[in-house]
Amino acid sequence: MLDIAAEVFAAQGYNATTVRRIADEAGMLAGSLYYHFDSKESMLDEILSTFLNELWDGYDTVLAAALGPRETIEALVTESFREIDRHRAAVAIYQRESHHLVDQDRFRYLADSQVRFEKAWLGTLERGVAAGTFRADLDVRLTYRFVRDTVWVAASWYRPGGRHSPEEIARQYLSMVLDGIAVRA
């Protein structure tokens, strides 16, 4: 039921989605949804919190592994694509709705997660510059935004079970980001 709700929220937007629409897609009466969830907001909360909890389980494992900066970036990108694979609709909802939701007490964890996310990525990039792994002239904030947006926008086109696995897509993205696309002389 939550998978169906996530797909409808992702396609139509949270505000435009009615409980009736979710129930119709699930093949049940609208009132039956209230047996499982007290509100549409509760469904959205469950979808987003599940996605972010799983994302942070993976990210925390990567960050605790004491990898080098490049390897950490590689592992974070790979974990991000795995989460897009598992929670594509939730990622789309997060991208579309989080800036509206963070003002609500129930969704304050979205802002907290964003701060953690930024800290993890910026810290890794800064560590890489300091270690000489990444270029000294690298604007870490711009690089963070570029990598973040490049990776997470994939939720708009990626479909689980498609031609490429999440790990293969991550390898291709990492090759472009870390090594460029031009042939080296």
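The largest nonpolar core of this chain holds 54 residues. Within that core, F9, V77, F81, I84, W121 and W152 have the most contacts. Seven helices give two or more residues each: helix 1 (2-12), helix 2 (19-26), helix 4 (40-64), helix 5 (69-101), helix 6 (108-131), helix 7 (140-152) and helix 8 (166-179). Helix 5 gives the largest share, 13 residues. Keep in mind that the model is predicted.

**The chain as a whole**

- The chain has 8 helices and 0 strands.
- Read along the sequence, the pattern is α-α-α-α-α-α-α-α.
- The C-alpha trace spans about 65 × 35 × 25 Å along its principal axes.
- The chain has 185 residues, and 41% of them count as buried.
- Take the contacts between residues at least 6 apart in sequence: 68% of these join residues at least 24 apart.

**Helix 1**

- The buried residues here are A5, A6, V8, F9 and A10.
- One of them, F9, is also among the core residues with the most contacts.
- The buried residues of helix 1 pack against helix 2, helix 4 and helix 5.
- After helix 1 comes G13, which has a positive phi, near 95°.

**W121 and S80**

- W121 is one of the core residues with the most contacts.
- Setting aside neighbours within four places in sequence, W121 is in contact with Y59, I73, L76, V77, S80, Y144 and V147.
- S80, one of those partners, lies in helix 5.
- Is S80 buried or exposed? S80 has a relative accessible area of 0%, so this residue is buried.
- With neighbours within four places again left aside, S80 is in contact with Y59, W121, V151 and W152.
- Y59 therefore appears twice, in contact with W121 and with S80, where contact means heavy atoms within 4.5 Å.

**Helix 4 against helix 6**

- These two helices pack at an angle of about 25°, and their axes are 11 Å apart.
- Angles under 35 degrees count as roughly parallel, so helix 4 and helix 6 are roughly parallel to each other.
- Helix 4 passes helix 6 in a left-handed crossing.
- Helix 4 brings D45, L48, S49, L52, W56, Y59, D60 and L63 to the contact.
- Helix 6 brings Y109, L110, S113, R116, F117, A120, W121 and T124.
- Sorted by class, the contact has 10 nonpolar, 3 polar and 3 charged residues.

**Helix 5 against helix 6**

- Here the packing angle is about 155°, with the axes 13 Å apart.
- Angles over 145 degrees count as roughly antiparallel, so helix 5 is roughly antiparallel to helix 6.
- Helix 5 passes helix 6 in a left-handed crossing.
- On the helix 5 side, the residues that meet helix 6 are P69, T72, I73, L76, V77, S80, Y94, S98 and L101.
- On the helix 6 side, they are L110, Q114, W121, T124, L125, R127 and G128.
- By class, this contact has 9 nonpolar, 6 polar and 1 charged residues.
- W121 of helix 6 takes part in this contact and also in the contact with helix 4.

**Two residues of helix 8**

- A170 is found in helix 8, and V177 lies in helix 8 too.
- Is A170 buried or exposed? A170 has a relative accessible area of 0%, so this residue is buried.
- Which residues does A170 touch, not counting residues up to four places away in sequence? They are V77, T78 and F81.
- V77 and F81 are also among the core residues with the most contacts.
- A170 and M1 are 169 residues apart along the chain, and their C-alpha atoms are separated by 29 Å.
- V177 has a relative accessible area of 34%; partly exposed covers values between 20% and 50%, so V177 is partly exposed.
- V177 touches F146 and V147, not counting residues up to four places away in sequence.
- V147 is also in contact with W121.
- V177 and I73 are 104 residues apart in sequence, yet 10 Å apart in space, C-alpha to C-alpha.

Definitions and conventions:
Residues are numbered from 1 along each chain as its sequence is written. This is a predicted model: local features need pLDDT of at least 70, side-chain atom pairs count only at pLDDT 80 or more; totals for chains, interfaces and linings use all residues. Side-chain values use heavy atoms; hydrogens and water are left out. A nonpolar core is a set of buried Ala, Val, Leu, Ile, Met, Phe, Trp, Tyr and Cys residues joined through side-chain atoms within 4.5 Å. Buried means under 20% relative accessible area, exposed over 50%, partly exposed in between (1.4 Å probe, protein chains only). Helices (H or I, at least four residues) and strands (E, at least two) are DSSP runs, numbered from the N terminus. Axes are lines fitted to C-alpha atoms, for helices over the stretch in contact, and angles run from 0 to 180 degrees between N-to-C directions. Angles under 35 degrees count as roughly parallel, over 145 as roughly antiparallel, 65 to 115 as roughly perpendicular and the rest as oblique. A crossing is left-handed if the near helix is turned anticlockwise from the far one by less than a right angle, and right-handed if clockwise. Ala, Val, Leu, Ile, Met, Phe, Trp, Tyr, Cys and Pro count as nonpolar, Asp, Glu, Lys and Arg as charged, and the others, Gly among them, as polar.
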